[in-house]
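Visitor: I'd like to go through this model with you, and I may jump around a bit. Could you keep it plain for someone in their first year?

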Amino acid sequence: MLRRERRCSSKNARRFSYSDANVSKGITWSKDTLFEYLENPKKYIPGTKMVFAGIKKPQERADLIAYLEQATK
Ligand code: HEM
């Protein structure tokens with residue numbers, strides 16, 4: 001199954017049922033990929049099940065990514 005190819009460090013993350021669209025895209029998440037993805041998740045991963053419209057303002061995306069960096073240290 002495609003899902004097994006995902007590299008996740010946590011067991012919970014591995015159990016999450018990602019869409020094939022998400023898995024096949026094979027993204028390595030970084031500041032740059034998140035910045036592009038969060039503007040419009042459905043455009044970056046066509047067929048994603050993430051029901052989130054995205055964040056249009058570049059400054060708000062940058063702030064969120066800075067927050068995530070701090071919070072996941
Ligand atoms: C600022 C808020 C959010 C951020 C930063 C965010 C970030 C992400 C990222 C990075 C992924 C890809 C994960 C991966 O494949 O490793 C993802 C997937 C997903 N997110 Fe979000 N997300 C947000 C909001 C939401 C909201 C509000 C929902 C639901 C109401 C949601 C539901 C999902 C789902 C279901 C997936 C899996 C999509 C798929 O497999 O195609 N997310 N999110």
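Guide: What follows is a conversation about the overall fold, the metal site, the core and a few chosen residues.

Visitor: Before we start, what should I know about where this comes from?

Guide: This is a predicted model, in which local features need pLDDT of at least 70 and side-chain atom pairs count only at pLDDT 80 or more, while totals for chains, interfaces and linings use all residues. Residues are numbered from 1 along each chain as its sequence is written, and side-chain values use heavy atoms, with hydrogens and water left out.

Visitor: How many helices and strands does the chain have?

Guide: The chain has five helices and zero strands, where helices (H or I, at least four residues) and strands (E, at least two) are DSSP runs numbered from the N terminus. Read from the N terminus on, the elements therefore run α-α-α-α-α.

Visitor: And how much of the chain is buried?

Guide: Buried residues make up 22% of the 73 residues in the chain. Buried means under 20% relative accessible area, exposed means over 50%, and partly exposed lies in between, using a 1.4 Å probe and protein chains only.

Visitor: Okay, new topic: which residue is the protein donor of the ligand's iron atom?

Guide: The only protein donor of that iron atom is Met 50, through its SD atom at 2.1 Å. Donors here are N, O and S atoms within 2.8 Å of the metal (3.2 Å for Na, K and Ca), and water is not among the atoms, so sites may look incomplete.

Visitor: Where is Met 50 found?

Guide: Met 50 is found in the loop between α4, residues 41-44, and α5, residues 58-71.

Visitor: Which residues form the largest nonpolar core?

Guide: The largest nonpolar core has six residues, namely Ile 27, Tyr 37, Leu 38, Tyr 44, Ile 45 and Ile 65. A nonpolar core is a set of buried Ala, Val, Leu, Ile, Met, Phe, Trp, Tyr and Cys residues joined through side-chain atoms within 4.5 Å. In soluble globular proteins, nonpolar side chains tend to be buried together.

Visitor: What is Ile 45 in contact with?

Guide: Leaving aside neighbours within four places in sequence, Ile 45 is in contact with Ala 21, Asn 22, Lys 25, Ile 27 and Tyr 37, where contact means heavy atoms within 4.5 Å.

Visitor: I noticed some rings in that core, so how many aromatic pairs does the structure hold?

Guide: The structure holds four aromatic pairs. In one of them, the rings of Tyr 37 and Tyr 44 have their centres 5.9 Å apart and their planes at 70°, so this pair is edge-to-face. Rings of Phe, Tyr and Trp (its six-membered ring) pair if their centres lie within 6.5 Å, and planes under 30 degrees apart count as stacked, over 60 as edge-to-face and the rest as tilted. Ring pairs also link Trp 29, Tyr 37 and Tyr 44 into a cluster.

Visitor: Are those two tyrosines buried or exposed?

Guide: Tyr 37 counts as buried at 7% relative accessibility, and Tyr 44 is buried too, with a relative accessible area of 12%.

Visitor: Switching to charges, how many salt bridges are there?

Guide: A search of the whole structure finds three salt bridges, each being a side-chain nitrogen of Lys or Arg within 4 Å of a carboxyl oxygen of Asp or Glu. One of them joins Glu 69 and Lys 31, with their closest N and O atoms 3.5 Å apart. This pair links distant parts of the chain, since Glu 69 is in helix α5 and Lys 31 is in helix α3 (residues 31-39), 38 residues apart.

Visitor: What about Glu 39, which residue does that one pair with?

Guide: Glu 39 forms a salt bridge with Arg 61, the closest N and O atoms being 4.0 Å apart. Glu 39 lies in helix α3 and Arg 61 in helix α5, 22 residues apart. Glu 39 counts as partly exposed at 36% relative accessibility, whereas Arg 61 is buried, with a relative accessible area of 4%.

Visitor: Last one: where is Ser 19, and what does it touch?

Guide: Ser 19 sits in the loop between α1 (11-15) and α2 (20-25), and counts as buried at 11% relative accessibility. Leaving aside neighbours within four places in sequence, Ser 19 is in contact with Gly 47, Thr 48 and Lys 49. The C-alpha atoms of Ser 19 and Thr 48 are separated by 6.1 Å, although these residues are 29 apart along the chain.
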